[in-house]
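Here's a quick briefing to read alongside the model. Take a look at the chains first, then work through the points below.

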There are 2 protein chains.
Amino acid sequence: MTADALPMVVPDSGLPARVRIHEVGARDGLQNEQRAVPTPVKAEFVRRLAEAGLTTIEATSFVHPKWVPQLADAEQLFPQLAGLGNIDLPVLVPNQRGLERALALGARRIAVFASATESFAKANLNRGLDESLAVFEPVVRQAKDAGVHVRGYVSMCFGDPWEGAVPLRQVARVCTALRDMGCDELSLGDTIGVATPGHVRELLALLNEEGVPTHEIGVHFHDTYGQALANTLAALQHGVTTVDASAGGLGGCPYAKSATGNLATEDLVWMLHGLGIETGVDLGRLTATSVWMAEQLGRPSPSRTVRALSHKDQ
Amino acid sequence: MTADALPMVVPDSGLPARVRIHEVGARDGLQNEQRAVPTPVKAEFVRRLAEAGLTTIEATSFVHPKWVPQLADAEQLFPQLAGLGNIDLPVLVPNQRGLERALALGARRIAVFASATESFAKANLNRGLDESLAVFEPVVRQAKDAGVHVRGYVSMCFGDPWEGAVPLRQVARVCTALRDMGCDELSLGDTIGVATPGHVRELLALLNEEGVPTHEIGVHFHDTYGQALANTLAALQHGVTTVDASAGGLGGCPYAKSATGNLATEDLVWMLHGLGIETGVDLGRLTATSVWMAEQLGRPSPSRTVRALSHKDQ
């Protein structure tokens, strides 16, 4: 290892002391692979992510296999993760049927996937915006009744490939609707990666005004225009302590043509650790995991930190 | 063009109204190409950058051709740029001989290239740190006597591949030495891309304490670990208004193994325009220029914004 294999720590005032990384690589990443990854490889991926210190690892999705065949093995995969100990393993559920499948396997955390725009709701969920929220309502209620933690994803918060700019009030309406249903946490998605830092701050401020506390908000940035980490910094400066990221930068969005990968967890960890913010993650082990996963997928990781650190080891 | 071909403008409070982009692609980018780019292509590149609205375009280097054969055509190239009008065309000069060659061709802006560390000074300049500063002194004086604007690059400000962490006071010492010689402007280089935002802020604050005003400071980030734009945001929040970037993300550093490209100008412009900060740059024309240059070089641009926007046009 060379002298610069870890970032130099120089704390910045006014930032959170600790950030919880919501790791989405195994779900948001692998659901976008052209070929399904074998179940044992997925299980090994999640295990290695946990060993690298990630404590919230979105494991899979109970969406109908017709829509996301890459994750059709959710029933086989999830029980294999039972031995991971004190790790949160949220799973995506699109509807009541998905929730029942997840609950039957003992899932303790679920996520529903809403859209901030009419167009994306129709493209991704096959329903209008309000209609899709109506579908989630009994799902969230039943999950809460079962004592299950519920995350509400809100996609296209900062721009939509069909509609362009998305009014902030519309995003806030979807967010408060999800919260009113009982969602414990929201994840604000910049699904096509167009946001810039002022936009992030403005949405966070509006949500606070509408009564959504910052500690219930996570951010989910895509690096399509290279903006993900700058936007994350703006969110941290606002007090956000939950950041979604994907190991090795895996992922994208099959329904949004220009959406490239999620923010890479390694690039995020480099910044957070450099800022003196605790994550519990071992960057070396995480990078090794992404290098291993890149070998399974047969192509290099798009994460700049993974490339820089794995290049050093050669 | 789709609805998201330009960023939505949401200004952020406390940021500069205007940023001057110091475009380094033609020099810092092309000097790292394995094969020299033909002179007419270089001239056309600079012309297109100017047409895209960039007003400070570092054109070439008057270093000895033995060291940087890729820019051995400086004498042929520079006169071809005479017709560009009101564009600043700084050139790199390593020593007195380089300055004389540049002055003979009518250069009005030069840059000298210092190191914040002993190791990099020896590796890159073949001289110790103090010895290299001593070489620059008469160069800067002579340039100032000729009424020429002088920029002082300081590389390895945030980390060094041999030395690891670089003490901030050492960086400040080199900066003030260059300023005392007569440099009009400094460019703080994160040559291996390891900096994080708190580190950037701390160096800027120390330089201010040492009497260097923010308006004389430019920042020069590399995206090796994906940190360049987050670091730029931190610099803007400190009041910095000069940002170095390379069209299409061209470049790297032949002497620092893990250094990948410079911050891509397009990724920077996406953020600045999204923040409502004026640059004078036409993002569409700039992207088209980088796509054209990528064709000349025979490989795709590493800029995420260039990839996203050129993908849209297909």
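In chain A, six elements each put at least two residues into the lining of the second largest pocket: α1 (25-29), α4 (96-104), α5 (118-125), α6 (129-145), β6 (149-155) and β7 (185-190). Keep in mind that this is a predicted model. From that pocket, we'll move on to how the two copies sit together, a closed cavity, some ring pairs and a few buried residues.

**The second largest pocket**

- This pocket has a volume of about 780 Å³.
- Its lining is made up of 41 residues, and A:Val63, A:Val68, A:Pro94, A:Asn124 and A:Leu125 are the ones that lie nearest the centre.
- Which element gives the largest share of the lining of the second largest pocket? That's α5(A), with 4 residues.
- Sorted by class, the lining of this pocket has 19 nonpolar, 17 polar and 5 charged residues.

**A buried residue in α1**

- Helix α1 of chain A, one of the elements lining the second largest pocket, is also home to A:Ala26.
- A:Ala26 has a relative accessibility of 3%, so it counts as buried.
- Setting aside residues up to four places away in sequence, A:Ala26 touches A:Phe45, A:Val46, A:Glu58, A:Ala59 and A:Leu71.
- One of those contacts, A:Leu71, is 45 residues from A:Ala26 along the chain, with 9.5 Å between the two C-alpha atoms.

**How the two copies fit together**

- Turn chain B by 180°, with a shift of 0.0 Å along the axis, and it lies on chain A with an RMSD of 0.0 Å.
- The copies are thus related as by a two-fold rotation axis.
- Within chain B, B:Ala230 has the C-alpha nearest that axis, at 2.0 Å from it.
- Of the interface residues of chain B, 100% are also interface residues in chain A, so the copies meet through the same surface.

**The closed cavity**

- How many cavities of 30 Å³ or more does the structure hold? There is 1, and the largest cavity encloses about 120 Å³ of space.
- Both chains take part in its lining of 15 residues, and those nearest the centre are A:Asp223, A:Gly226, A:Leu229, B:Asp223 and B:Gly226.
- The elements giving two or more residues to this lining are α9 of chain A and α9 (228-238) of chain B.
- α9(A) gives the most, with 3 residues.
- By class, the cavity lining splits into 7 nonpolar, 2 polar and 6 charged residues.

**Aromatic pairs**

- Over all chains, there are 10 aromatic pairs.
- Why does the pair A:Tyr225 and B:Trp270 count as stacked? The ring centres are 3.9 Å apart and the planes sit at 25°, so the pair falls in the stacked class, which takes planes under 30 degrees apart.
- This pair crosses between chains: A:Tyr225 is in the loop between β8 (217-221) and α9 (228-238) of chain A, while B:Trp270 is in helix α10 (residues 265-274) of chain B.
- A:Tyr225 and B:Trp270 are both buried.
- B:Phe158 and B:Phe221 make a tilted pair, at 6.1 Å centre to centre and 45° between the planes.
- That tilted pair joins distant parts of the chain, 63 residues apart: B:Phe158 lies in the loop between β6 (149-155) and α7 (168-181) of chain B, and B:Phe221 lies in strand β8 (residues 217-221) of chain B.
- Are these two rings' residues buried or exposed? B:Phe158 is buried at a relative accessible area of 2%, and B:Phe221 is buried at 1%.

**Two more buried residues**

- B:Thr196 belongs to the loop between β7 (185-190) and α8 (197-209) of chain B, and its 0% relative accessibility makes it buried.
- Beyond its neighbours within four places in sequence, B:Thr196 is in contact with A:Met8, A:Trp270, A:Met271, A:Gly274 and A:Leu275 from chain A, plus B:Gln227 and B:Asn231 from chain B.
- A:Leu204 sits in helix α8 (residues 197-209) of chain A and is buried as well, with a relative accessible area of 0%.
- Not counting residues up to four places away in sequence, A:Leu204 touches A:Leu188, A:Ile217, A:Ala235, A:His238 and A:Val240.
- The C-alpha atoms of A:Leu204 and A:Val37 are 36 Å apart, and the two residues are 167 residues apart along the chain.

Note on methods. Residues numbered from 1 in each chain as written. Chains lettered and ligands numbered in written order. Predicted model: local features only at pLDDT ≥ 70, side-chain atom pairs only at ≥ 80, totals over all residues. Heavy atoms only, no water. Least-squares fit on C-alpha atoms with pLDDT ≥ 70 in both. Contact = heavy atoms within 4.5 Å. 1 Å grid on protein atoms, 1.4 Å probe; cavity = no way out; pocket = protein on both sides within 12 Å on 5 of 7 lines; lining within 4 Å. Points joined across faces, edges and corners; volume = space filled by probe spheres on them. Nonpolar A, V, L, I, M, F, W, Y, C, P; charged D, E, K, R; others polar. Phe/Tyr/Trp six-rings, centres within 6.5 Å; stacked < 30°, edge-to-face > 60°. Buried < 20%, exposed > 50% of the residue type's maximum accessible area, 1.4 Å probe, protein only.
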